[in-house]
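User: Please take a close look at one strand of this protein and its pairing partners. Afterwards, place that part in the wider setting of sheets, pockets and selected residues.

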Amino acid sequence: ASPKNIQSIQYDTISSSISHTFDLNNIPQNLINKMIQLIAGDSLASIVPTVYIKHPKAVKGLLSVTLQDSKLSDILNFIDSLIGFSYFNTLQLHLAQFDSYIIEVIKKTEDEKIVDMLLSIFHHISSVVSCVSVVQNFLSLLSPFEGKNYDRFQQNYIQAMNKIVISSSKDPCASIPMIRQDGAIEITGLTHQDIEHGFTFVFWILSEKAHSDYKPSCLFVQDSKMNSLQTFVSSSTVFCKEKTPKFCSTGKVQSPLPSNQWTFVSITFEYIDDRFLMSPTINVNRLKYLEYSMMTFQPGPITCLIAGVTSDSNQSEYVSKMATFGLFKPLDDDSLNKIYQMGPRCIGNLPTQPIFFYTTDESSRLLTLNEKMPTPNIKYEILSKIVQHEVNFTTIFINYCKTQTVLPLFAQIDMTDKNQHSFPIEKLSIELLGNL
């Protein structure tokens, strides 16, 4: 059955039946494996957290029946790893209101180790996507009992919230889903003179581990004589394809992209001693160069397409996303490191003049680009305004719940928990406000 055909009450019935049939302190491993297979919607050869969640409501069922089990830590680590495996899984769990359920479990949990593991799961979901009710529910954890004592895990809650704020601030404001064969963006005004001596293309990408026949294209450049270079991804590996009317060759970057995290990639093509070389970096780690057949771009305009899929790509339910990108004359390691340190939002000044450089944003849920250090005659056209823009915990907290919601924490400076224990709440609260 598809997830849409299974109602919440049916998942609850499964959980209830397990609770009445088995010892909740020792759920059989075979039954846990069956529930994981239900989550994946597939009969798995091995139980590993590298699957896509097809039945997200079953995750709540798995957790609810193992809360008293000695294997609870293993279950929580497994769920957290599912989130780390895929952006898609994160969205699925939020849509199934699993983040709300996590808060309810936290309120009833006495073991600090388990609380921290639950907060880790909540952090990894909420830093990507959240909603007003979830944020308000989490903030209720910070309220003192009868105005006298704060929760014994108050320090853990504030630290978790601070981690969420820091994580959210590092992600791009919006991103481009890589689904369109012609690319989402076309750069106009580019000529062979801009790239005839080589170039460096930099970009941020969030790679999904889809089937190998889904091939998101990061950059495609082509001259009037059909000489082209294309950088694309397949199975989390970066490839660069050189094509002319006479030959075609494809090189593979030696290291895969990390999954479900924003990753900085640079591709540098250079002519060195009568050789045509491509030097890649991933998160400024320089990798083995690839050598291509000598090719020169013909005089005239250059077609340049950004963030699409290759001509032979299939569509995928699990879509990679691209954000801030730019083209430069060949860059050295120091310049690459400075751009990397600016992050996906590119906060600060570029170390050198780009040929073009854009950060991604959204307006009314449509894609917009912000240009840094414009170059005369270089323009862009957005071919697809589809944008990936999830509203995360921090955005909701600042725009809807308002930062003054944190101010009552300063009224708790002289409070303790019910066991008369205290912690430096003022220091943590100031740190939290400073990161907002």
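Analyst: In this predicted model, strand E9, residues 275-282, is mostly covered, for seven of its eight residues are buried. Three strands pair with E9, and they are taken here one at a time.

Strand E8, residues 263-272, runs antiparallel to E9, and eight bridges join the two. Within this pairing, Tyr 271 is set opposite Phe 276 of E9. The hairpin of E8 and E9 has two residues between the strands, and Asp 273 adopts a positive phi near 50° there.

The pairing of E9 with strand E10, residues 285-286, is also antiparallel and consists of two bridges. Thr 281 has Arg 286 in E10 as its bridge partner. Two residues again lie between the strands in the hairpin of E9 and E10, where Asn 283 has a positive phi near 50°.

With strand E11, residues 290-292, E9 forms three bridges in the antiparallel sense. Here Met 278 faces Leu 290 of E11 as its opposite residue. As a general point, strands of a sheet pair through backbone hydrogen bonds, in either a parallel or an antiparallel manner.

An open sheet can be set beside this group of strands. It has seven strands in the order E7-E6-E5-E4-E12-E2-E16, with antiparallel pairing. Strand E7 (248-252) and strand E16 (379-382) each have a single partner strand, so one side of each is left without a neighbour in the sheet, and these two strands form the edges. On average, neighbouring strands of this sheet are turned by 15° against each other, direction ignored. Inside the order, E4 and E12 run antiparallel and are joined by six bridges. One of the bridge pairs places Val 221 with Cys 304 in E12.

Strands of this open sheet also contribute to a pocket. The second largest pocket holds about 420 Å³ of space. Its lining comprises 23 residues, and those closest to the pocket centre are Phe 220, Gln 230, Val 309, Thr 310 and Ser 311. At least two lining residues come from each of strand E4 (216-222), strand E5 (228-234), strand E6 (237-243) and strand E12 (303-309). E12 gives the most to this lining, with five residues. By class, the lining of the second largest pocket has seven nonpolar, 10 polar and six charged residues.

The largest pocket encloses about 950 Å³ of space. It is lined by 39 residues, of which Ser 167, Lys 170, Asp 171, Pro 172 and Trp 262 are the closest to its centre. Helices and strands both supply two or more residues to this lining: helix H4 (72-85), helix H5 (87-95), helix H7 (112-126), helix H9 (154-170), strand E3 (199-206) and strand E14 (356-363). The most is given by H9, with four residues. The classes in the lining of the largest pocket are 13 nonpolar, 18 polar and eight charged residues.

Cys 173 lies in the loop between H9 and strand E1 (176-177). With a relative accessibility of 33%, Cys 173 counts as partly exposed. Between Cys 173 and Trp 262 there are 12 Å from C-alpha to C-alpha, while the two are 89 residues apart in sequence.

Enclosed space is present as well: the structure holds two cavities of 30 Å³ or more. The second largest cavity has a volume of about 30 Å³. Among the residues that line the second largest cavity are Glu 208, His 211, Tyr 214, Val 233 and Ser 320. Its lining divides into four nonpolar residues, five polar ones and one charged.

Two residues in helices complete the account. Asp 99 belongs to helix H6, residues 98-108, and is buried because its relative accessible area is 1%, against a limit of under 20%. The C-alpha atoms of Asp 99 and Asp 223 are separated by 50 Å, with their positions 124 residues apart along the chain. Asn 137 is located in helix H8, residues 132-139. The relative accessibility of Asn 137 is 18%, so this residue also counts as buried. The side chain of Asn 137 makes a polar contact of 3.0 Å with that of Lys 107.

Key: Residues are numbered from 1 along each chain as its sequence is written. This is a predicted model: local features need pLDDT of at least 70, side-chain atom pairs count only at pLDDT 80 or more; totals for chains, interfaces and linings use all residues. Side-chain values use heavy atoms; hydrogens and water are left out. On a 1 Å grid over the protein atoms alone, a cavity is a set of points where a 1.4 Å probe fits but cannot get out, and a pocket is an open set with protein on both sides within 12 Å along at least five of seven lines; lining residues have an atom within 4 Å of a point. Grid points are joined across faces, edges and corners, and a volume is the space filled by probe spheres set on the points. Ala, Val, Leu, Ile, Met, Phe, Trp, Tyr, Cys and Pro count as nonpolar, Asp, Glu, Lys and Arg as charged, and the others, Gly among them, as polar. Two strands pair if DSSP finds at least two bridges between them. Axes are lines fitted to C-alpha atoms, for helices over the stretch in contact, and angles run from 0 to 180 degrees between N-to-C directions. Buried means under 20% relative accessible area, exposed over 50%, partly exposed in between (1.4 Å probe, protein chains only). A polar contact is a pair of N or O atoms within 3.5 Å; within protein, one must be able to donate a hydrogen and the other to accept it, and residues adjacent in sequence count only if both atoms are side-chain atoms.
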